[in-house]
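Visitor: I'm new to this structure, so could you pick out one small part and look at it closely with me? After that, I'd like to hear what else is worth finding.

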Amino acid sequence: MNRHDHRQADELRPISFIPHIAPNATASVLASFGNTRVICAVTIEEDVPRWMKVQKVEGGWLSAEYSMLPYSTLDRKRRDITSGKLDGRSSEIQRLIGRSLRAAVDLSKIGQRTVWIDCDVLQADGGTRTASISGASVALAMALNKLVAEGKLAEMPMKQLVAAISVGMLEGTPLLDLCYVEDRDADVDMNVVMTEGGQFVEVQGSGEEAVFTADEMAAMLALAGKGIRELNALQREAIAAADRPAAEDLSALQ
Ligand code: UDP
């Protein structure tokens, strides 16, 4: 089948993780999956929520927030603060981001700290939750590496990276990494979150207009696995590059 951006059925959109775009956060990246762009910022606070202190819970906490900027969609979306309430979709997505990142890090090893994950969608073209999770995983690794480098943590508490990708069935073909138009037209839409070790963290799948078979589900999961392995390689590259001094710093060292 012909995809309107000429990709193969099993091809990701152009992916990038641009580091350090929000300097006041502990670490940040701009995650781009084609035209979908999400600012993923991680801020680590030297404190834990009050309930943890009251219940004398050891270790730290991780919480995620997700929002779409008003100009991220084709039709302007009102800010959540306008109504004072978070809409159901954003609330579901931020809980998914939190669960996914909690699977990546051993919170008992981060000390009495709170990790805030903020995912703000700059441009939405399908797969904003998967770009958020994949980008937040990169930013979290960068933030925790920074704490280790500063001597605040004895060892890296992140067990492994997580990444997420969307898959779907369109006209009987399993497709990887759906853009908005494909997402809108797809018969089945699935979001898959996996660890670098190939284990599932979460799978969200729904037949929008149609039902789907176990064989179709297996084909979509295999496609997601392929995409996530490719994402993991790009995530690793981005983390390694972010740790290297910038070119101008290198010239100063000579
Ligand atoms: N979308 C939109 N306005 C909204 C919600 C979604 O324009 O209020 C578009 C946007 O491009 C988004 C896509 O619909 O990426 C698919 O939304 P979905 O809820 O499936 O989440 P996503 O695929 O972004 O994780």
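Guide: Let's begin with His6, which you'll find in the segment before β1 (15-19). Keep in mind that this is a predicted model. The part to look at closely here is the backbone: phi of His6 is near 65°, a positive value, and His6 is not a glycine. That catches the eye because most residues other than glycine have a negative phi. As for the surroundings, His6 has a relative accessible area of 71%, so it counts as exposed, given that the cut-off for exposed is over 50%.

Glu171 makes a good partner for that story. Glu171 also isn't a glycine, and its phi is positive too, about 50°. You'll find Glu171 in the loop between β6 (162-170) and β7 (173-176). Its relative accessibility is 63%, so Glu171 counts as exposed.

Now let's turn to the ligand. Which residues surround the ligand? Going along the chain, you meet Thr73, Lys77 and Arg89, then the run Ala124, Asp125, Gly126, Gly127, Thr128 and Arg129, and finally Tyr180 and Asp183. Sorted by character, that shell has five charged residues, four polar ones and two nonpolar ones. Two helices, α4 (128-149) and α5 (180-185), each give the shell at least two residues. The space the ligand takes up is the largest pocket.

Zoom in on the oxygen atoms of the ligand and some polar contacts show up. One ligand oxygen is 2.6 Å from an N or O atom in the side chain of Arg89. For Arg129, a polar side-chain atom lies 2.8 Å from a ligand oxygen. Gly127 joins in with its backbone: a polar backbone atom there is 2.8 Å from an oxygen of the ligand. On its own the ligand has 500 Å² of accessible area, and the protein covers 77% of that.

Two members of the shell lead us a bit further out. Ala124, one of the surrounding residues, is in the loop between β5 (114-123) and α4. Is Ala124 buried, exposed or partly exposed? Its relative accessible area is 23%, so it is partly exposed; buried would mean under 20%. Ala124 also has a partner from elsewhere in the sequence: Arg37 is 87 residues away along the chain, yet the two C-alpha atoms are 6.6 Å apart.

The other one is Asp125, also part of the shell. The side chain of Thr36 reaches the backbone nitrogen of Asp125 at 2.8 Å. Thr36 itself is in strand β3 (residues 36-45), and its relative accessibility is 0%, so it counts as buried.

To get a feel for the whole chain, try a few long distances. Start at Met52 in helix α1 (residues 50-54). Met52 counts as buried because its relative accessibility is 1%. From there to Glu237 you travel 185 residues along the chain, and the C-alpha atoms are separated by 36 Å.

Next, jump to helix α6 (residues 214-243), where Ala224 lies. Ala224 has 0% relative accessibility, so it counts as buried. Between Ala224 and Ile21 there are 28 Å, C-alpha to C-alpha, and the two are 203 residues apart in sequence.

Finally, look for Gly205 in strand β9 (residues 200-207). With a relative accessible area of 43%, Gly205 is partly exposed. Its C-alpha atom and that of Ala241 are separated by 34 Å, with the two positions 36 residues apart along the chain. Set that beside Ala124 and Arg37, which are 87 residues apart in sequence and 6.6 Å apart in space.

Key:
Residues numbered from 1 in each chain as written. Predicted model: local features only at pLDDT ≥ 70, side-chain atom pairs only at ≥ 80, totals over all residues. Heavy atoms only, no water. Near = heavy atom within 4 Å. Polar contact = N/O pair within 3.5 Å; in protein donor to acceptor, adjacent residues only side chain to side chain. Areas by Shrake-Rupley, 256 points an atom, 1.4 Å probe, with all protein chains shown as cover. 1 Å grid on protein atoms, 1.4 Å probe; cavity = no way out; pocket = protein on both sides within 12 Å on 5 of 7 lines; lining within 4 Å. Sits in = over half its atoms within 2 Å of the grid points. Helix = DSSP H or I, 4+ residues; strand = E, 2+ residues; numbered from the N terminus. Nonpolar A, V, L, I, M, F, W, Y, C, P; charged D, E, K, R; others polar. Buried < 20%, exposed > 50% of the residue type's maximum accessible area, 1.4 Å probe, protein only.
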